[in-house]
Amino acid sequence: DLNVEELLKKAISLKPDFADAYSNLGCFYHSKKRLNEAITCYQKALDIKDSYPEANFNMGNAYRDLKDVEKAIIYLKKAIEFKKDYFDAHLNLATIFVKQKRIIDCLPHLKILSESEKVNEKTLLNTGKIYLDIELFNDAIKVFRKLTNLNKNNIKAEIELITAKKQICYWDDYDSDLSKIKKSIEDSENDNKNTYMYFEDN
């Protein structure tokens, strides 16, 4: 860790306008929970290049971790301004808005995440969970179905899909969903993957 810090500081000393080095040094401090030092580095990166999406994103996350939500929102929005398909920024903003019960502000970010073909499975799963949290169950079902279409062996998505359907008494294909989950578990076990799960068929 000391080598990482020293190497980044060396890079900065050799090239004082090296925005990436400042941002990466900020990430290093952030990972060590040295948030004020991280923010100082992110700010230096932004002083060099204001339109730096990753530095704005990192700054937003640092302020979120410091519980300064309004500043977090400002920087996460700036990250999206400079990189429209910055899905992690959309997800983090949506999460903040949900915690603040600002559902109207949250929805546009969820829409972008749920409709994009480029979002990875983890982000899509979290998007569906947020829809569940704010009780938009039909939207959650759409997201989890999209996930299961992308990956037939996504057990978490299958379980979340059943959870969403249960909320609106949507049980027409319950048996089919349950069999998919059981088959996914069996396939995982056959592939010598350690899957520890107990699913009770009530």
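This passage describes the cysteines, the aromatic pairs and the charges placed over rings in a predicted model.

The cysteines were considered with regard to possible bonding between their sulfur atoms, and the structure was found to hold zero disulfides. In the case of Cys41, the closest cysteine sulfur belongs to Cys27 and lies 9.5 Å away, which is too far for a bond, given that a disulfide requires two cysteine sulfur atoms within 2.5 Å. Cys41 has a relative accessibility of 8% and therefore counts as buried, since that term applies to values under 20%. Cys106 is likewise counted as buried, because its relative accessibility is 0%.

Among the aromatic side chains, three aromatic pairs were identified in the structure. One of these is formed by Tyr63 and Tyr75, whose ring centres are 5.8 Å apart and whose planes meet at 15°, so that the pair is classed as stacked, a label given to planes under 30 degrees apart. This pair links distant parts of the chain, for Tyr63 belongs to helix H4 (residues 53–65) and Tyr75 to helix H5 (residues 69–82), with the two tyrosines twelve residues apart. Both Tyr63 and Tyr75 are buried.

Aromatic rings also appear together with charged side chains. The charged end of Lys15 is placed over the ring of Phe18, at 5.3 Å from the centre of that ring, while Lys49 lies over the face of Tyr52, at a distance of 5.7 Å from the ring centre.

Definitions and conventions: Residues numbered from 1 in each chain as written. Predicted model: local features only at pLDDT ≥ 70, side-chain atom pairs only at ≥ 80, totals over all residues. Heavy atoms only, no water. Buried < 20%, exposed > 50% of the residue type's maximum accessible area, 1.4 Å probe, protein only. Phe/Tyr/Trp six-rings, centres within 6.5 Å; stacked < 30°, edge-to-face > 60°. Helix = DSSP H or I, 4+ residues; strand = E, 2+ residues; numbered from the N terminus. Lys NZ or Arg CZ within 6 Å of the ring centre and 35° of its normal.
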